[in-house]
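Trainee: I'm new to this structure and would like a close look at a single part of it, the packing on the inside. Could you walk me through that and then show me how the rest connects to it?

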Amino acid sequence: LSPSLPLSPSLPLSPSLPLSPSLPLSPSLPLPPSLSPPALPTCTSLSSDLSFFPPGLKARKCIIEARASVAMMINASPQDIVFTSGGTESNNLIFTSIAAYFKEVVASKDHVIPHVIITALEHDSVALTARAMAGKGLIELTEVGAASDSGTVPVQCVLAALRPNTSLVSIMLANNETGVIQPVGEVVEGLKKSVGEKGGRIFVHTDAAQALGKIQVDVEALGVDYVTIVGHKFYGPRNGALYVRGLEQKGTPLYPVFHGGGQERGFRSGTENTGMVAGLGKAADLIVHNLPLYQAHMAGVRDYLEHQLEKTFGDRVHFNGRFSTSKRIPNTSNFSLLGRNLKGNLILSTLEHTLASVGAACHSHTEARPSPVLLAIGVPPHIALNALRVSVGRETSIEDIDSFIKDLTNAVLKLDSLGESGSISIGLSQNH
């Protein structure tokens with residue numbers, strides 16, 4: 001048999017399809033050339049079988065190296081990294097693990113359920129998971145609101161929500177719609193003091209999907225127990241990983257949802273997608289070696305965008321989430337253009353050359369409705385309904401911004417001309 005014949009376990013990858021130019025680079029970033037299948041020939045062409053024959057050993061080596069790279073990106077130990085299909089799976093794993101752990105270890109005699117705290121800013125893969133579990137009586141749930149003068153969740157509000165059975169606090173590191181960085185480290189410090197006084201342990205999770213590749217993410221500096229990692233948010237493949245502090249020492253609980261072949265040390269069974277895992281590792285390598293350069297470029301282009309918006313639209317532009325009292329990741333700008341016919345989805349349908357987003361693009365909506373995140377930070381509903389989220393990337397240029405401003409200006413002129421009774425019929429399928 002030739003070495004390439006066992007194609008039933010793992011078929012070779014086809015070439016990547018070309019991507020159209022786009023400015024919503026928060027939802028899904030294109031693969032750079034260094035991560036395309038031709039650039040990773042050893043790993044993408046390997047068998048999925050990690051047994052001890054030469055191709056299997058090479059595949060195993062690719063996964064070991066990728067695990068080390070992802071760990072280095074967040075200053076973690078490689079043994080604390082578990083590969084998953086993406087952010088939604090990682091977030092679900094955490095919540096189901098907390099419920100299982102509490103039932104098995106904490107509440108075996110008291111017959112109580114764990115209390116979980118999330119924020120009003122969380123992505124649906126956190127918020128809807130928590131609400132679904134609360135609806136089934138698996139957890140008690142508190143959702144903490146955000147401050148309208150900073151776009152952040154006040155630390156004191158998180159601490160005030162604590163109960164004797166609080167087991168998990170989940171607070172995202174950077175909001176995916178506004179880009180506002182949340183006080184995760186401060187929450188951890190506050191919990192340490194509070195728990196130290198009362199005893200017990202409260203685990204802390206941060207969904208770092210939007211922060212990775214834009215700001216430094218250091219698990220030791222943050223002090224968190226769980227971190228959600230999503231590849232396509234930092235120019236990697238559409239897969240992900242989960243950081244679990246002290247995983248092999250059972251310092252932080254992780255209970256498998258998938259049972260089967262025992263892959264990922266039994267925490268996440270399922271045949272390894274070696275090529276995707278290798279791509280995630282390579283994307284992490286690029287961040288380890290180039291993050292300051294990426295940050296400076298994105299911040300410069302984003303700031304130029306906002307300057308041009310102010311210059312072009314004056315008092316008609318309202319920035320959602322740009323506060324002097326908090327910081328943002330460098331790639332994201334959320335703004336509204338004031339006007340009766342300037343709803344975000346109408347503008348999107350009128351732009352001729354630019355792709356943008358009205359919010360978290362992983363949601364599918366056909367009706368216009370204001371973002372719950374913007375409402376949570378105090379943006380009035382009529383302004384939130386007009387919101388656009390524009391995100392820039394590593395290769396977005398000043399010329400790209402100039403083209404966008406021209407396209408946006410033409411769209412606004414067209415919509416303004418419709419008058420009171422004008423309307424545009426649209427059907428949008430938005431894809432975080």
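Mentor: What follows is a walk from the whole chain to the core, and then out to some side chains worth a look.

Keep in mind that this is a predicted model. The protein chain has 432 residues, and buried ones make up 53% of them. Its secondary structure comes to 12 helices and 10 strands. On the outside, the chain exposes about 19200 Å², with carbon and sulfur atoms supplying 56% of that area.

Now to the part you asked about. Which residues have the most contacts inside the largest nonpolar core? They are Val70, Met73, Ile74, Ile81, Phe83 and Ile229, in a core that counts 57 residues. Helix H8, which runs over residues 274-313, gives the largest share of this core, with 6 residues. There is also a second, separate core of 28 residues, and Leu286, Ile347, Val392 and Ala411 are among its members.

Pick out Ile74 and look at what surrounds it. Leaving aside residues up to four places away in sequence, isoleucine 74 touches Ile81, Leu212, Val217, Asp218, Val219, Ile229 and Tyr243. Two of the names in that list, Ile81 and Ile229, you have already met among the residues with the most contacts in the core.

Take a step along the chain to asparagine 75. This residue lies in the loop between helix H2 (54-73) and strand E1 (81-84). Its phi is positive, about 60 degrees, although asparagine 75 is not a glycine. Is this residue buried, exposed or partly exposed? Asparagine 75 is partly exposed, because its relative accessible area is 39%, and that value falls between the 20% and 50% cut-offs.

Tyrosine 235 has a positive phi too, about 70 degrees, and is not a glycine either. You'll find tyrosine 235 in the loop between strand E6 (226-230) and strand E7 (240-244). Here the relative accessibility is 9%, so tyrosine 235 counts as buried.

Go back to helix H8 for a moment, since asparagine 290 is found there. At 24% relative accessibility, asparagine 290 counts as partly exposed. Asparagine 290 and glycine 213 are 77 residues apart in sequence, yet their C-alpha atoms are 9.2 Å apart in space.

Next, the rings. How many aromatic pairs does the structure hold? There are 2. In one of them, the rings of tyrosine 101 and phenylalanine 203 have centres 5.6 Å apart and planes at 80 degrees, so this pair is edge-to-face. Tyrosine 101 sits in helix H3 (residues 87-106) and phenylalanine 203 in strand E5 (residues 203-207), so the pair ties together parts that are 102 residues apart in sequence. The partners have their own settings: phenylalanine 203 is buried at 2% relative accessible area, while tyrosine 101 is partly exposed at 23%. Add Tyr226, and you have one aromatic cluster made of Tyr101, Phe203 and Tyr226.

Some rings have a charge for company. The charged end of arginine 322 sits over the ring of phenylalanine 319, 3.9 Å from the ring centre. Likewise, the charged end of arginine 394 sits over the ring of tyrosine 294, 3.9 Å from that ring's centre.

Last, look at polar side chains that are tucked away. Where is serine 326? Its place is in the loop between strand E8 (317-319) and strand E9 (332-337). With a relative accessible area of 15%, serine 326 is buried, because buried means under 20%. A polar atom of the serine 326 side chain lies 2.6 Å from the backbone oxygen of serine 150. Apart from neighbours within four places in sequence, serine 326 is in contact with Ser150, Thr152 and Val180.

Asparagine 165 belongs in this part of the walk as well. You'll find asparagine 165 in the loop between helix H5 (155-160) and strand E4 (166-170), and at 13% relative accessibility this residue counts as buried. Its side chain has a polar atom 2.8 Å from the backbone oxygen of isoleucine 113. Not counting residues up to four places away in sequence, asparagine 165 touches Phe102, Ile113, Pro114, His115 and Glu140.

Definitions and conventions
Residues are numbered from 1 along each chain as its sequence is written. Side-chain values use heavy atoms; hydrogens and water are left out. A nonpolar core is a set of buried Ala, Val, Leu, Ile, Met, Phe, Trp, Tyr and Cys residues joined through side-chain atoms within 4.5 Å. Buried means under 20% relative accessible area, exposed over 50%, partly exposed in between (1.4 Å probe, protein chains only). Helices (H or I, at least four residues) and strands (E, at least two) are DSSP runs, numbered from the N terminus. Contact means heavy atoms within 4.5 Å. Rings of Phe, Tyr and Trp (its six-membered ring) pair if their centres lie within 6.5 Å; planes under 30 degrees apart count as stacked, over 60 as edge-to-face and the rest as tilted. A charge sits over a ring if NZ of Lys or CZ of Arg is within 6 Å of the ring centre and within 35 degrees of the ring normal. A polar contact is a pair of N or O atoms within 3.5 Å; within protein, one must be able to donate a hydrogen and the other to accept it, and residues adjacent in sequence count only if both atoms are side-chain atoms. Accessible areas come from the Shrake-Rupley method with a 1.4 Å probe; for residues, only the protein chains shown count as cover.
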